[in-house]
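This report describes the structure shown below. Its overall form, a charged pair and a surface patch are taken up under separate headings.

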Amino acid sequence: MMLMLDLIAQRYGTLPSKVLETGDTMDMILCITALEYDVWRQKKVKNGQTPTHHSQEYLQARIDAAHGNSGKK
């Protein structure tokens, strides 16, 4: 419980006593969800992927294809 108060307070830049006074379970759910998303994104970036599930090579190929086709009207 104390670590959760500290975590929420750090993430949202407030005092733990304020979180204890005014926070509710929605704050905890949102904080946990945001942290899980951050971890997921970090894992993707660490593996050389973008958070959209596409590799850098795939995205670059799509950009190159779009640029190649942009001159044609």
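Is Asp 38 buried, partly exposed or exposed? The model is a predicted one, and in it Asp 38 has a relative accessibility of 27%. Because buried means under 20% and exposed means over 50%, Asp 38 counts as partly exposed.

## The salt bridge

The structure holds one salt bridge. Its partners are the side chains of Asp 38 and Arg 11, with a distance of 3.2 Å from N to O. Asp 38 belongs to helix H3 (residues 25-46) and Arg 11 to helix H1 (residues 2-12), so the pair ties together parts that lie 27 residues apart in sequence.

Arg 11, like its partner, is partly exposed: the relative accessible area is 35% for Arg 11 and 27% for Asp 38. In general terms, side chains of opposite charge can pair when their charged atoms come close.

## Overall form

The protein has four helices and zero strands. Read from the N terminus, the order of its elements is α-α-α-α. The radius of gyration is 20 Å, whereas the globule rule gives 11 Å for 73 residues; the value is well over that figure, so the protein is more spread out than a compact globule. The C-alpha trace spans about 60 × 30 × 15 Å along the principal axes.

Of the 73 residues, 11% count as buried. Contacts can also be sorted by sequence separation: among those between residues at least 6 apart in sequence, 19% join residues at least 24 apart.

## Surface and nonpolar patch

The accessible surface of the protein amounts to about 6,100 Å², and 60% of this belongs to carbon and sulfur atoms. A nonpolar patch on the surface is formed by Tyr 12, Met 26, Ile 29 and Leu 30, which together have about 410 Å² of accessible area.

Helix H3 supplies the largest share of this patch, three residues. Met 26, one of the patch residues, is found in helix H3. The relative accessible area of Met 26 is 46%, and the residue is partly exposed. Because membership of a patch requires over 30% relative accessible area, the 46% of Met 26 satisfies that cut-off.

## Summary

The predicted model combines four helices with a form more spread out than a compact globule. Helix H3 contains Asp 38 of the salt bridge and also provides three residues of the nonpolar patch.

How values were computed. Residues are numbered from 1 along each chain as its sequence is written. This is a predicted model: local features need pLDDT of at least 70, side-chain atom pairs count only at pLDDT 80 or more; totals for chains, interfaces and linings use all residues. Side-chain values use heavy atoms; hydrogens and water are left out. A salt bridge is a side-chain nitrogen of Lys or Arg within 4 Å of a carboxyl oxygen of Asp or Glu. Helices (H or I, at least four residues) and strands (E, at least two) are DSSP runs, numbered from the N terminus. Buried means under 20% relative accessible area, exposed over 50%, partly exposed in between (1.4 Å probe, protein chains only). Patches are made of residues with over 30% relative accessible area and no salt bridge: like charges are joined within 9 Å, nonpolar side chains (Val, Leu, Ile, Met, Phe, Trp, Tyr) within 5 Å. Accessible areas come from the Shrake-Rupley method with a 1.4 Å probe; for residues, only the protein chains shown count as cover. The radius of gyration is taken over C-alpha atoms; the globule rule is 2.2 Å times the number of residues to the power 0.38. Contact means heavy atoms within 4.5 Å.
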